[in-house]
Amino acid sequence: MEKTVKERIRDVIKKALVDDPFFSKIDERDISILPSVREEFGEFYTNLAFRMADAANKSPQKAALLLKEKIISLSPNFIEKIEVKNGFINFFLKKEVYLGLLSEILKSGTSFGHLGIGKGRKVLIEFVSANPTGPLTIAHGRQAAFGDSLARILRYAGFEVDREYYINDGGRQIRLLGESLKARYFQLKGEEGYAIPEDGYEGEYLIEIAKEIKDDNVSFEEFAVEHILEEIKKDLRAFGVNFDRWTRESRFLQDKSVEKFLEVLKKEKLLYFADGSWWFKSSAYGDEKDRVVVKSDGSYTYLASDIAYHKDKIDRGYDTLINIVGPDHHGYIPRMKAVVESFGFDPERLRFIVVQLTTLYKGKEKLSMSTRKGQFISLKQLMEEVGPDASRFFFIFRKADSHLDFDLELAKKKSVENPVYYLQYAYVRMKHILKFAEESGIDLLKAQADLSLLKEPEELSIAKKLARFSDTLEGIVNTYGVHLLAEYLLDLAKTFHSYYHRHRVVTNNRELTAARLVLTSALLTVFSKALELLNISLPEEM
RNA sequence: GCGCUUGUAGCUCAACUGGACAGAGCGUUGGCCUCCGGAGCCAGAGGUUGUGAGUUCAAAUCUCACCAAGCGCACCA
């Protein structure tokens, strides 16, 4: 696609600065082009003059004026005017820039906004990775919704993305699970002397699983894990989240890679023996203390298999590894960074996203959850209650690292208060206009649209917001702030509703109608794309 | 006690990573249905960004100290 408006402004500034000694001293990223906060400041502005002022020993205002002159002397054809105020340089762009964008959107269709910035770089997003010891909870649901949307957006931005689920199918928890299932099984058969072990799993779901066991001699561990894993996969599919790869912890134990990589670390002197166990020297890489990898009883800790797992990830050749985890894992981040660094992988390229917990409300009433006794609201129950669209939207429309209040009542409401319905309603409305036009005998494709007829401020406002789609996506790629897309969509929907109420698209004026249909159609294209990236369905009717 | 995250309008949250007078939604107050779907729209009120200092031309954002909430601090996962 063509360059975004932002990039075009940056390009012209770079050109204007090419002979300036200041230019060689800065990084290109220091030229920040920001969207203006107020109309009188144009559509975009830069604060570059403040940075230049120091270097040139001038006032920002003077530096700004100088830069302005340089830019004007290049007479860029897309700029209407440039104003300097208090050192800020404000850009007012020609209306044609935005109108031209509408045709571009129609031409490129669903690939509009597709950024080349990923350049095919490989990214691995590991998320959910819930232990197969029970059904997925809403906490996992939020991670799932977030990870899935992030994957979609990164893919759209030109990255090669794999989604991976890591299955902890070994260790103490699984042993407890097996014992718990065994107890349930023999309890069902009416045999005495079987109790759920201490710290075991008391959830009702194990009773259901136990009912399916036909043979006293099954491996209870395996039976439980496979059953629960199937349920997890089913729930995720229903939620609309698919994984490209499921990796089992047991694999790394079976193929001896845990052993192998611990040997490697031993040779590097990053593993040492003390107090009867083997320690990984994570403190050498900024962790607050060293961590045990082989316990004194000879068994591995979770970290040991994670070392093998992350070495495996690195060897698969990813540029960036993204791990989406819950808040209970944040203490674990430094040691994993230490692990990858010890293998020569830049720890900056291992990114952790901590997704905070969700509190469920029913109106004002707070629903308490306790995983301990198996009383909790599962992802499945949530989906049954409010549906996958609303669930996904509510999960992603807040920053991942802030706590989320999820109101079940609100999510179910079919009114303006519910943002999901607000968006879907806007979508249906756009579709309806185009359908209405078609039925009135106006063929958008054949109509010769003169876009200069779009003169209403609301029309220009829509076009300008469409231009920001790419910037929004770029922002998400840089910050992993998926919620920005939800906000963008709400803003776009609002602008559209507002336009709709002030102006009719389909009128007796055929030329004007044609132009407005182009606008509506371009809007619909971007709108659908954004909804798709959030994995929210596009209803035909409501 | 130490570490991480959070603290912004009555409520739920934004603020493009240090930029101009901090923005939305809900709620509230007051308007708007002959018309492409009123499941919607418009307008108003509402703020010392937890507190106090510091750095900077510029701080919600960075630093430090307090205060408050959540989560971690295992030879658990």
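Here are four worked exercises on a predicted model of a protein with RNA strand B.

**Exercise 1. The surface around the RNA**

Task: Find how many residues surround RNA strand B, and work out which classes and elements they come from.

Solution:
- Start with the count: 60 residues surround RNA strand B. The closest of them are Arg38, Asn90, Arg398, His432 and Arg504.
- Next, sort this surface by class. It has 19 nonpolar, 22 polar and 19 charged residues.
- Now turn to the RNA side. Of the strand B atoms within 4 Å of the protein, 59% belong to sugar or phosphate, and the rest belong to bases.
- Then pick out individual contacts. The side chain of Tyr422 has an N or O atom 2.6 Å from a phosphate oxygen of RNA strand B. Two contacts involve base nitrogens of RNA strand B: a polar backbone atom of Val505 is 2.9 Å from one, and a polar side-chain atom of Ser277 lies 3.4 Å from one.
- Finally, assign the surface to elements. Those giving two or more residues are β4 (88–93), α7 (172–188), β15 (404–407), α17 (419–439) and α19 (483–502). The largest share, 9 residues, comes from α19.

**Exercise 2. The second largest pocket**

Task: Describe the second largest pocket by its volume, and say which element gives the most to its lining.

Solution:
- Begin with the volume, which is about 1,300 Å³.
- Count the lining next: 36 residues line this pocket, and the closest to its centre are Ile117, Glu474, Gly475, Val477 and Asn478.
- By class, the lining has 12 nonpolar, 6 polar and 18 charged residues.
- For the elements, α1 (5–17), β1 (33–35), α18 (457–479) and α19 each supply at least two lining residues. With 9 residues, α18 gives the most.
- One link to the previous exercise is worth spotting: α19 supplies residues to this lining, and α19 also gives the largest share of the surface near RNA strand B.

**Exercise 3. A parallel sheet**

Task: Work out the strand order of the sheet of 5 strands, and identify its edge strands.

Solution:
- Write down the order, β7-β6-β5-β11-β12; the sheet is open and its pairing is parallel.
- Read off the ends. The edge strands are β7 (245–248) and β12 (350–354), each of which pairs on one side only.
- Add the geometry: neighbouring strands are turned by 25° against each other on average, direction ignored.
- Zoom in on one pair. Strand β11 (residues 320–325) pairs with β12 in the parallel sense over 5 bridges, and Ile324 stands opposite Ile353 in β12.

**Exercise 4. A mixed sheet**

Task: Do the analysis for the sheet of 3 strands, and find out whether β13 and β14 run parallel or antiparallel.

Solution:
- Recall the background: strands of a sheet pair through backbone hydrogen bonds, either parallel or antiparallel.
- Set out the order, β14-β13-β15, in an open sheet with mixed pairing.
- The edges are β14 (365–367) and β15, each pairing on one side only.
- On average, neighbouring strands here are turned by 35° against each other, direction ignored.
- Check the pair in the task. Strand β13 (residues 358–362) is joined to β14 by 3 bridges, and the two run antiparallel. Within this pair, Lys362 stands opposite Glu365 in β14.
- To close, note where β15 appears again: this edge strand also gives two or more residues to the surface near RNA strand B.

How values were computed. Residues numbered from 1 in each chain as written. Chains lettered and ligands numbered in written order. Predicted model: local features only at pLDDT ≥ 70, side-chain atom pairs only at ≥ 80, totals over all residues. Heavy atoms only, no water. Near = heavy atom within 4 Å. Polar contact = N/O pair within 3.5 Å; in protein donor to acceptor, adjacent residues only side chain to side chain. Helix = DSSP H or I, 4+ residues; strand = E, 2+ residues; numbered from the N terminus. Nonpolar A, V, L, I, M, F, W, Y, C, P; charged D, E, K, R; others polar. Pairing = 2+ DSSP bridges. Axes fitted to C-alpha atoms, helices over the stretch in contact; angles between N-to-C directions. 1 Å grid on protein atoms, 1.4 Å probe; cavity = no way out; pocket = protein on both sides within 12 Å on 5 of 7 lines; lining within 4 Å. Points joined across faces, edges and corners; volume = space filled by probe spheres on them.
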